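This briefing concerns the surroundings of a bound ligand and the lining of a pocket. Please consult the sequence and the structure shown below alongside the points that follow.

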Amino acid sequence: MSKKILLTGCAGFIGSNFVKEIAVNEKGYNFVVLDALTYAGHYPTIQKDIEGNDHLSFVEMDIRDKESIEKLFQTEKFDGVIHFAAESHVDNSITNPNIFVETNVLGTLNLLNSSLALNNPDFKFVHVSTDEVYGTLSETDPAFTENNPIEPNSPYSASKASSDLLVRSYFETYKFNAVITRCSNNYGPYQFPEKLIPLMISNALENKSLPVYGDGRNIRDWIYVADHNRGVWDCFLKGKAGEAYNFGGDAEKRNIDVVKTLLSVLDKSEDLITFVEDRKGHDWRYAMDFSKAVSDLGWKPQVTFEEGLKKTVDWYLENREWCKEVQKS
Ligand SMILES: NC(=O)c1ccc[n+]([C@@H]2O[C@H](COP(=O)([O-])OP(=O)(O)OC[C@H]3O[C@@H](n4cnc5c(N)ncnc54)[C@H](O)[C@@H]3O)[C@@H](O)[C@H]2O)c1
């Protein structure tokens, strides 16, 4: 019988790409996609993939709803979980931190408890986390390894760090078969236009100003979403219980340079850039040492930043309606 895997948060950016690139092709598994369809989740993004594939199905549910999650696990008897669902926008966490704790911490706890209650020795849980749990680097610090201390600086990263630590504790305490992925900034198709790259593309296309925090010199590593998702799937198939794996795109860029590159690709003027008051607690630099994923999983990023950005811009140019639709809901 096919293994049944729960995929949470797959009406959002990274998860919807996972459905399209991996789940639809992995016909030896049954995937149940769960999403609460918050402002960041858009069912039409994955509707055709779900309805066109017998091995995929969808359930609208909130991971904060403990009773419903428990019932779902008892009925479906999952063999594994890949957990993408989260409140994911740092700016929102600064204005409304509570929902970040409710979804990212308590929601994850509900999934862990319901998974554990199945008592299935072959169960596997992949927790999708972020490089932001490590805090920030200076220009000269070496890149984050999995051994860096967990020192989150925003309510978002603190909530992700808390859920990472819960997952880790379930491995240590119950020998629960869980793996954690920590990844740098993703970009690609279907990203909600609140995040840097799609926001800048959308604004530039409408000749609106492009708000850049501080002096724009903060550094992020950028990974194309398909590369990240291959890593998540590798972790599901080959990741060792209790381990965390870093993923990065080998593409450290200053925010201002990303914005200028986008303007140049779109043939728009740099006059659209407006520097705005810096984000509170803004991390200076993220950089990833992903050598463990290379040696232990045989993973490496395949899409260069230039290639990925071109694909992303082309996608947004061809899908302006999608952007308008998701912003309405
Ligand atoms: N975007 C990045 O650059 C990045 C980088 C590293 C890690 N991550 C992590 O990857 C995961 C996915 O990120 P994303 O960028 O796709 O986020 P997203 O905001 O685009 O999507 C999140 C999805 O989760 C769903 N969701 C939110 N709260 C829920 C709840 N209570 N119950 C059920 N579903 C709920 C939303 O409806 C949405 O479909 C997150 O865990 C995030 O922390 C993201």
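A residue counts as near a molecule if one of its heavy atoms lies within 4 Å of it. The model is predicted. In this model, 29 residues surround the ligand, and the protein covers 97% of the 840 Å² of accessible area that the ligand has on its own.

**Shell around the ligand**

- The closest residues to the ligand are Asp35, Asp62, Ser88, Tyr156 and Lys160.
- The shell is made up of 14 nonpolar, eleven polar and four charged residues.
- At least two shell residues come from each of helix 1 (13–23), strand 5 (124–130), helix 6 and strand 7 (185–187).
- Strand 5 supplies the largest share of the shell, three residues.

**Polar contacts of the ligand**

- A polar backbone atom of Gly12 lies 2.9 Å from an oxygen atom of the ligand.
- For Ala36, a polar backbone atom is 3.2 Å from a nitrogen atom of the ligand.
- The side chain of Thr103 has an N or O atom 3.1 Å from a nitrogen atom of the ligand.

**Second largest pocket**

- The volume of the second largest pocket is about 270 Å³.
- This pocket is lined by 18 residues, of which Glu146, Arg168, Arg182, Gly242 and Ala244 are the closest to its centre.
- Helix 6 (155–174) and strand 6 (178–183) are the elements that contribute two or more residues to this lining.
- The largest share of the lining, six residues, belongs to helix 6.
- By class, the lining residues comprise eight nonpolar, three polar and seven charged.

How values were computed: Residues are numbered from 1 along each chain as its sequence is written. This is a predicted model: local features need pLDDT of at least 70, side-chain atom pairs count only at pLDDT 80 or more; totals for chains, interfaces and linings use all residues. Side-chain values use heavy atoms; hydrogens and water are left out. On a 1 Å grid over the protein atoms alone, a cavity is a set of points where a 1.4 Å probe fits but cannot get out, and a pocket is an open set with protein on both sides within 12 Å along at least five of seven lines; lining residues have an atom within 4 Å of a point. Grid points are joined across faces, edges and corners, and a volume is the space filled by probe spheres set on the points. Helices (H or I, at least four residues) and strands (E, at least two) are DSSP runs, numbered from the N terminus. Ala, Val, Leu, Ile, Met, Phe, Trp, Tyr, Cys and Pro count as nonpolar, Asp, Glu, Lys and Arg as charged, and the others, Gly among them, as polar. A polar contact is a pair of N or O atoms within 3.5 Å; within protein, one must be able to donate a hydrogen and the other to accept it, and residues adjacent in sequence count only if both atoms are side-chain atoms. Accessible areas come from the Shrake-Rupley method with a 1.4 Å probe; for residues, only the protein chains shown count as cover.
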